[in-house]
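Reader: I'm after the open space in this model, and I'd like a close look at the biggest pocket. Could you walk me through it in one go?
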Amino acid sequence: MSTERLHLWINGQRAQANGIRVGDIFNPATGKVIRRVPLASKSDIDSAVAAAKAAFPAWRETTPLRRARILTRFRELMEQHREELARLASEEHGKTLADAAGSVQRGIEVIEFASGAPHLLKGEKAEDVGRGIDCHSLLQPVGVCAGITPFNFPVMVPLWMFPVAIACGNTFVLKPSEKVPSCSLRMAELFKEAGLPNGVFNVVSGDKEAVDSLLNHPDVGAISFVGSTPIAKYIYETSARNGKRVQALGGAKNHAVVMPDADMEFTTDALVGAAYGSAGERCMAISTVVAVGEAGDALLPLLKTKANEIKIGAGNAAGVGMGPVISAQHRDRIVSLIDSGIDQGAELVLDGRGVEVIGNENGFFVGPTLFDHVKPSMDIYKEEIFGPVLIVLRADSYEDAIRLINANPYGNGTAIFTSSGHWARRFENEIEVGMVGINVPIPVPMAFFSFGGWKTSLFGDLHMHGMEGVYFYTRSKVVTSRWPAPAEKTDNTLVMPTLG
Ligand code: NAD
């Protein structure tokens, strides 16, 4: 049986790539190649951008209300196909079906938010900013926007971008991760079925060649990126040099502070879910615990017991809590980082290396791994591991914990576990991180707030979705108007006008 070969989606239909390069898509639970994906060439990107550019004038003219109605139908279709999309995401990524379904739901909520386009795009108006003079602002689309997304959320992360961009009157070219492209192609079909005109949304799979072609294309006005920090920095610098607006979300090392007054059972359950859910391949995963004072000794035995109870297996198998990681190379990198933790003197409490899953012996599995007494100088602290490895550092005081987190180059998410309003209030004020949880381990903001980190977790100024997403995908224009009465005189002055 030949392996299925995917296509591109350009101008509302399936398109064959001009480029001859292809990539393999694996099922990480079996280790087998399940599909092949075209890796778009520069000429494929040119075709997708040309389709988006041609569709822009009519889409810009389509009223926000009509755009919103198409988005509402798209949301309904996404709900009808939620399980199908979750199955596809689980198959290509490895996460469990329940986890995949949850992330599809969080993505659908962005479409729901974007369906408020007529309200979201209202500008501001002030009457009589000067005598007889009014002022109002308009939010107008940028033009052709592009999105480049990572492997770890095949549905949700693309949905952070394109529904908001399209609601604002832009057209869009999405370059999903070449490891998990199928969900994006399926969403394009559903969006067309919802009534989206051809060319408004295009999907091109590919790698660096496709990305560079988008970054250098003169007809692309805005770039949204989510992925690792080194690539985010490259995307930001290249896009800015080319005069494009850009938001580039990067990697993470999310710390949870556990105060001695925390409820340890509650905290352990929260940490185990946040560290090992999706095999730790979430940008908001908790990978680092900072245990303050006596919290460490109380927490460690509980963490070890509960992490050890997680059932490992294929994401679509019953009762499985944690699936494989994305690739053999990624598994090997995680294992070598675990080796380095041992070599550099951390205490290995639970070892996930060499785990075997009966019936899935060739899958890319790493079991839950737990380290205690980790020091900031160790590689397992400095590197984003992006796997099921939780490390615990000990801190003498709340102040030491805060200093550690604020000195870390990443600033995506963080959390504090405490029963004291005093520590919680100080934490939210003092911590230099974009998304903060108080007794909430993965504080992913809802679609009507904005998602984004600080420091090297975000290059650019505006976060994704929420009103920051609307501002990213629109250019604001301010109009000052005066309607003089017939024969009314105006001052003929060369002095800078002042109103009021
Ligand atoms: P990645 O940076 O390797 O890839 C992301 C995208 O960039 C993909 O579409 C890929 O094709 C493209 N790309 C890869 N190398 C490139 C290059 N040299 N030049 C141009 N484009 C290139 O990331 P990934 O492995 O797919 O995803 C995991 C990373 O994403 C982690 O670091 C994780 O923290 C991060 N992430 C961050 C967030 C966030 O909100 N901050 C969300 C999800 C994932």
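To get our bearings, which domains does the domain assignment of the protein give?

Author: Happy to. One caveat up front: this is a predicted model, so local features need pLDDT of at least 70 and side-chain atom pairs count only at pLDDT 80 or more, while totals for chains, interfaces and linings use all residues. Residues are numbered from 1 along each chain as its sequence is written, and side-chain values use heavy atoms, with hydrogens and water left out.

The assignment gives two entries: domain 1, made of 4-250 plus 457-479, and domain 2, covering 254-438. These bounds come from an automatic or database assignment. From C-alpha centre to C-alpha centre, domain 1 and domain 2 are 31 Å apart. Domain 1 puts 20 residues into the contact and domain 2 puts in 23, where contact means heavy atoms within 4.5 Å.

Now for your pocket. Domain 1 and domain 2 each give residues to the lining of the largest pocket, so the pocket sits between them. Its space comes to about 890 Å³. (On a 1 Å grid over the protein atoms alone, a pocket is an open set of points with protein on both sides within 12 Å along at least five of seven lines; a cavity is a set where a 1.4 Å probe fits but cannot get out; lining residues have an atom within 4 Å of a point. Points join across faces, edges and corners, and volume is the space filled by probe spheres on them.)

The largest pocket is lined by 35 residues, and F151, K179, G227, S228 and I231 are the closest to its centre. Four elements supply two or more lining residues: helices α8 (208-215), α9 (229-241) and α12 (328-343), along with strand β11 (220-226). Helices (H or I, at least four residues) and strands (E, at least two) are DSSP runs numbered from the N terminus. The top contributor is α9, which gives five residues to the largest pocket. By class, the lining of that pocket splits into 15 nonpolar, 10 polar and 10 charged residues. In this scheme Ala, Val, Leu, Ile, Met, Phe, Trp, Tyr, Cys and Pro are nonpolar, Asp, Glu, Lys and Arg are charged, and the others, Gly among them, are polar.

Next, the enclosed voids. The structure has five cavities of 30 Å³ or more. The largest cavity has a volume of about 120 Å³. Around it are 16 lining residues, with G280, R282, A285, S287 and F386 nearest the centre. Eight nonpolar, four polar and four charged residues make up the lining of this largest cavity.

For the second largest cavity, the volume is about 60 Å³. Its lining includes W9, G12, A188, F191, K192, and the run L196, P197, N198, G199, V200 and F201. Helix α7 (residues 182-193) gives the most to this second lining, with three residues. Seven of the lining residues of the second largest cavity are nonpolar, three are polar and one is charged.

Let me round this off with two sheets. One is an open, antiparallel sheet of three strands in the order β6-β7-β23. Strands pair if DSSP finds at least two bridges between them. The edges of this sheet are β6 and β23, which each pair on one side only. Strand β6 (residues 125-130) is joined to β7 (residues 133-141) by three antiparallel bridges, and A126 faces C135 of β7. Two residues separate the strands in the β6 and β7 hairpin, where G132 has a positive phi near 75°. On the other pairing, β7 runs antiparallel to β23 (residues 474-482) over nine bridges, and H136 has V479 of β23 as its bridge partner.

The other sheet is open too, with three strands in the order β1-β5-β4 and mixed pairing. Here the edge strands, each pairing on one side only, are β1 (4-5) and β4 (22-27). Two bridges hold β1 and β5 (residues 32-38) in a parallel pair, with R5 matched to R36 in β5.
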